[in-house]
Amino acid sequence: MILTVTLNTALDITYRVPSLRAGASHRVSEVLERPGGKGVNVARVLATLGHEVTVTGFSGGPTGRVLRDRLTEVPRLTDALVPVSGATRRTVTLVDGRTGATTHLGEPGPDITHAEWSAFQEVYEDLLASASAVALCGSLPPGVPVGAYAHLVRTARAAQVPVLLDTSGAALRRGVAGRPDFLKPNAEELAELTGSHEPLRATQDARRRGAGTVIASLGADGLLAVTPEGRWRATPPATLAGNPTGAGDAAVAGLLSALVEHRPWPERLIRATALSAATVLSPTAGDFDRAAYDRFLTTVTVTGVATAA
Ligand SMILES: O=P(O)(O)OC[C@H]1O[C@](O)(CO)[C@@H](O)[C@H]1O
């Protein structure tokens with residue numbers, strides 16, 4: 001199975017309003033509620049693609065119960081979340097019906113005690129024994145040490161399980177030092193990590209900081225991958241209008257799916273880019289438009305990037 005870790009799971013709420021204005025009161029025209037947090041979205045996409053997947057991390061309180069209930073509806077997905085005394089957070093995405101622009105609000109998440117963090121590490125080590133790959137995704141809830149991802153990366157490497165890291169801020173800065181096999185930052189996270197806004201230069205810098213391979217998601221510009229085997233850019237067929245929430249998570253699912261099937265890099269990038277684009281066309285994170293995905297698989301282009309910055 002493929003293992004995804006979401007230490008800060010979330011109940012993701014999407015509100016669509018006819019036209020969003022700061023300082024105004026709004027009537028919501030559509031409400032969607034989904035189990036979320038990055039690794040949960042990755043897992044849902046993987047399960048839809050036909051992979052056996054296990055989700056772990058923390059969940060608690062009434063929101064955690066709703067999240068776990070909803071996860072039982074996903075075929076091929078095993079819930080190995082560790083219960084905690086605090087409540088799973090909510091996130092709210094506001095979609096402006098006029099422009100399609102999205103505004104994201106994320107709660108910090110529950111306080112995790114030392115005993116809960118220790119319990120999680122035991123569960124994680126056990127799960128690694130039957131994992132073909134692991135993705136460590138999203139922010140850290142309060143109470144989890146900032147060096148947590150570096151530790152989890154090293155544990156995966158010691159168990160010889162390929163490990164992908166997708167996080168931000170201090171958790172990313174510390175996590176990359178654990179030497180993950182794969183790092184999947186977006187343009188903003190990459191710039192924050194390296195101080196460079198030039199994607200190729202920043203991607204190479206991120207590798208020097210410890211990542212084996214860096215796959216940067218660049219929004220409408222697709223993916224840039226710098227790997228030990230070569231460098232590629234994967235470009236979606238067109239700029240798509242829709243909800244980009246979860247597009248990066250879908251890219252991670254595409255990379256892992258093709259990785260465990262031992263596909264070569266260009267194919268991994270096509271799958272990741274096609275899934276990411278097909279997610280933009282779906283209104284909720286963790287879902288993708290299947291027909292669009294099949295179409296994009298034949299229209300995403302991959303080109304080699306020859307020169308160093
Ligand atoms: O863990 P964070 O970095 O706060 O990100 C969580 C959020 O990101 C998303 O996974 C979208 O990528 C949402 O589902 C939401 O839960």
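**Cores, overall form and selected residues of the predicted model**

The largest nonpolar core comprises 43 residues, and those with the most contacts inside this core are Ile215, Leu256 and Leu269. Leucine 256, when its neighbours within four places in sequence are left aside, is in contact with Ile2, Val42, Leu46, Ala133, Ala135 and Leu164. Apart from this core lies another, of 42 residues, which includes Ile112, Leu152, Leu193 and Val305. In soluble globular proteins, nonpolar side chains tend to be buried together. The structure described here is a predicted model, and the values reported below were computed from that model.

At the level of the whole chain, the protein contains 10 helices and 15 strands. The C-alpha trace spans about 50 × 45 × 40 Å along its principal axes. A compact globule of 309 residues would have a radius of gyration near 19 Å, and the 18 Å found for the protein agrees with this expectation. Buried residues account for 54% of the 309 residues, and, among contacts between residues at least 6 apart in sequence, 66% join residues at least 24 apart. The protein exposes about 13000 Å², of which carbon and sulfur atoms supply 51%. With respect to charge, there are 30 positive and 29 negative side chains, and the centres of these two sets lie 5 Å apart.

At the start of the chain, methionine 1 lies in the segment before β1 (2–6). With a relative accessible area of 24%, methionine 1 is classed as partly exposed, because this value falls between the 20% limit for buried residues and the 50% limit for exposed ones. Its C-alpha atom is separated by 5.2 Å from that of valine 53, although the two residues are 52 residues apart along the chain. When residues up to four places away in sequence are not counted, methionine 1 touches Glu52, Val53 and Thr54, and also Leu127, Ser130, Ala131, Ser132 and Ala133. Ala133 is also among the residues in contact with leucine 256.

Three strand residues were examined in turn. Aspartate 12, in strand β2 (residues 10–17), has a relative accessible area of 14% and is therefore buried. Not counting residues up to four places away in sequence, aspartate 12 touches Leu32, Glu33, Arg34, Gly36, Gly37, Asn41 and Thr91. The C-alpha atoms of aspartate 12 and threonine 72, which stand 60 residues apart along the chain, are separated by 17 Å.

Valine 95 lies in strand β7 (residues 89–96) and is buried, with a relative accessible area of 4%. With residues up to four places away in sequence not counted, valine 95 touches Thr14, Tyr15, Arg16 and Val17, together with Gly100, Ala101, Thr102 and Asn243. Between the C-alpha atoms of valine 95 and glutamate 30, 65 residues apart along the chain, the separation is 9.5 Å.

Threonine 213 is found in strand β12 (residues 213–217), and its relative accessibility of 3% places this residue in the buried class. Its contacts, leaving aside neighbours within four places in sequence, are with Asp181, Phe182, Leu183, Arg207, Val226, Thr227, Pro228 and Trp265.

Attention was also given to residues in loops, including two with positive phi. Arginine 76 is found in the loop between α2 (61–71) and β5 (77–79), where its phi is near 70 degrees, a positive value in a residue other than glycine. The relative accessible area of arginine 76 is 35%, so this residue is partly exposed. Histidine 262, in the loop between α8 (247–260) and α9 (265–280), likewise is not a glycine and has a positive phi of about 55 degrees. At 71% relative accessibility, histidine 262 counts as exposed.

Threonine 239 is placed in the loop between β14 (230–235) and α8. This threonine is exposed, with a relative accessible area of 68%. The C-alpha atoms of threonine 239 and glycine 219, 20 residues apart along the chain, are separated by 9.2 Å.

Terms used
Residues are numbered from 1 along each chain as its sequence is written. This is a predicted model: local features need pLDDT of at least 70, side-chain atom pairs count only at pLDDT 80 or more; totals for chains, interfaces and linings use all residues. Side-chain values use heavy atoms; hydrogens and water are left out. Helices (H or I, at least four residues) and strands (E, at least two) are DSSP runs, numbered from the N terminus. The radius of gyration is taken over C-alpha atoms; the globule rule is 2.2 Å times the number of residues to the power 0.38. Buried means under 20% relative accessible area, exposed over 50%, partly exposed in between (1.4 Å probe, protein chains only). Contact means heavy atoms within 4.5 Å. Accessible areas come from the Shrake-Rupley method with a 1.4 Å probe; for residues, only the protein chains shown count as cover. Lys and Arg count as positive and Asp and Glu as negative; His and the chain ends are not counted. The place of a charge is taken as NZ of Lys, CZ of Arg, CG of Asp or CD of Glu. A nonpolar core is a set of buried Ala, Val, Leu, Ile, Met, Phe, Trp, Tyr and Cys residues joined through side-chain atoms within 4.5 Å.
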